Amino acid sequence: MLRVLPSVARSLASSLSVRPLTSKAQAVTGEIVDQNRESRVIKTVLGAVNDQIEKGTHSRLFAVIYLHGKQFKVTAEDIIAVNTVMPVGIGETIRLNKILLAASTDFTLIGRPLLDQDLVRVYATVIERTLGHEYRIFKFRQRTRYQRSYFYRQNYTMLRINGIEIARPIDQ
Amino acid sequence: MRLTPLLRRSLSASVDQKLTFARLWAVFDAKHQNPFNSAELIANVLQGKDKPLYHYHTDCGDHVVVINCKDISLPWYEWKYRMYYHHTDYAGGASWTAAWEMHDKNPTKVLEKAVYRALPGDLTRRLRMSRLHLYADDSIPDEIKENITRQLRQLRKVPRKLDDIPEDERRSFPKLFDFPENHTL
Amino acid sequence: MVTLTSVLAHWVKTPANRYWKRRRVFIESGHFYGRSRNCYAIAIRRLEKAWTNAKHGRADLKKTTSQTWQSRISASTESLGLNYFPFAHGLAHQQVALGKKVLADLAWSEPRSFRSLVELARNDACKDPAHIGEPNENVILGSEGVDK
């Protein structure tokens, strides 16, 4: 009999949204498997997750977003410092499309590599465009009287995460 | 758009913080273990490298209690050829002690020196060594035993010796053939 | 008296220039030990070395931070019975693009999600069966402590 950990079922269920399941993982263990059991487990898990999403009973969501070549783990009301000048005015709201992972206490949606854009929505507001602390880049060569000082400050755009929401049931 | 509600911070946050950095006590059975491979495992636990909170500036290591140090197993002929060097700083004061000799004098010394070598050689080394508790056999004082909360997995299985196998099990083991009566081994 | 333009004003060597030149250096060398705090000739040499060290330190910080992330991920995966490299390979093969920074963050802050990632990597069908770890049964109480 196949023993399915809740967490396995969770990862299996989360992978459904993008790619169909294979049953090769069972071939490794070499056990006799009830073929229908897997689909029944997935159905139960998906039903439980969809139920939470519809009723809004899930706990606070967090998401891993991909922005300007870096990944951020964010939740609502977070402020993130993006190391760039974003061509967005202060006070404007943007939607972050590249979401690698979204999760709550009871379920985890893992994107391969990205989640569906219509499934999870993350909104952010640009609150500040600022500079980091100043630092000195000192260049020095021995015995040649060569020394230069360059001063540099990194650009930062501060974003406030307005909220994360799951727009529809995860298996549609 | 529905904003997800703010999660209120737990009232016991300060308690959580203290529990997170509390020192745990682990036990390791050194019976039939290679002390030099075991030392790397123990050194990792003493440094806290088995925790997702690990940082090289944070003192987050655990205590390790090692039992059955007298039953360690050295590879190859290392009991004979592994030498421990000491010099008294006087002329002719050099001395080399073989591992078997060191083990006869103090059955925890080989493992202690192995762990000392496996730890990084900075100022935290003595502090971490003070959290290592070595015992020759499996009798631990009660005040230390009550702290232990987890066990480290042995790196290799302890083999069964012929003496440990009961007589009837030994006899019932399937035989391919019997030696002839006039055969001398 | 010759009147200089503002561009050439720094040609004039006055005691005030000397004072402010040193003042700028002493402000930065204030936390040094011994005479390298107060004597200009020593302070400026120590300061140049400090600026060079700071430049190298900014580069090294990226490396050590990455090592810390890897060691944190490794600690979490090993408590769940899988080594770091099979884990990373399994995730890559499953097209999960989470980076070290986020994985290290999930490792301590989101044990349940991290566990599902470990199971995903463990069940990766194309993995060599020799590298698939087993849950650590001898361990009485794991160091993760949160998600039982």
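**View 1. Strand β2(B) is mostly covered.** A residue is called buried if 20 or more other C-beta atoms, placed from the backbone, lie within 10 Å of its own, exposed if 12 or fewer do, and partly exposed in between. The model is predicted, so local features need pLDDT of at least 70 and side-chain atom pairs count only at pLDDT 80 or more, while totals for chains, interfaces and linings use all residues. Residues are numbered from 1 along each chain as its sequence is written, and chains are lettered from A and ligands numbered from 1 in the order in which they are written. Of the five residues in β2(B), four are buried.

**View 2. The open sheet of chain B is built from four strands (DSSP runs of E, at least two residues, numbered from the N terminus).** Read across the sheet, the order is β5-β2-β1-β6, and the pairing, which requires at least two DSSP bridges between two strands, is parallel. The edges are formed by β5, residues 132-134, and by β6, residues 148-151, each of which pairs on one side only.

**View 3. β2(B) is joined to strands on either hand, namely β1(B) and β5(B).** With β1(B), the pairing of β2(B) is parallel and runs over five bridges; within this pair, Trp25(B) has His63(B) of β2(B) as its bridge partner. Between β2(B) and β5(B), which also run parallel, there are three bridges, and here Val64(B) is partnered by Leu132(B) of β5(B).

**View 4. At the other end of the strand order, β1(B) meets β6(B).** Strand β1, which covers residues 25-29 of chain B, runs parallel to β6(B) and is joined to it by three bridges. The residue of β6(B) that serves as bridge partner of Ala26(B) is Arg150(B).

**View 5. Two residues of chain B, His32(B) and Asn68(B), have a positive phi without being glycine.** His32(B), with phi of about 60°, is placed in the loop that links β1 to α2 of chain B. His32(B) counts as partly exposed because 16 other C-beta atoms lie within 10 Å. For Asn68(B), phi is near 60°, and this residue belongs to the loop between β2 and α3 (a helix being a DSSP run of H or I, at least four residues), where α3 covers residues 78-81 of chain B. Asn68(B) is likewise partly exposed, because 18 other C-beta atoms lie within 10 Å.

**View 6. A cis peptide bond lies between Arg112(A) and Pro113(A).** The omega angle of this bond is about -10°. Pro113(A) is part of the loop that connects β6, residues 108-110, with β7, residues 120-131, of chain A. In its secondary structure, chain A has three helices and ten strands, and from the N terminus the three helices precede the strands. Buried residues make up 29% of the 172 in chain A.

**View 7. Confidence along chain B, given as pLDDT (the predictor's confidence in each residue, from 0 to 100), has a mean of 90.** In chain B, 94% of the residues reach 70 or more. Among its elements, helix α1, residues 13-20, has the lowest confidence, with a mean of 81, whereas β5(B) has the highest, at 97. Over residues 1-7 of chain B the pLDDT is below 50.

How values were computed: Contact = placed C-beta atoms within 7 Å.
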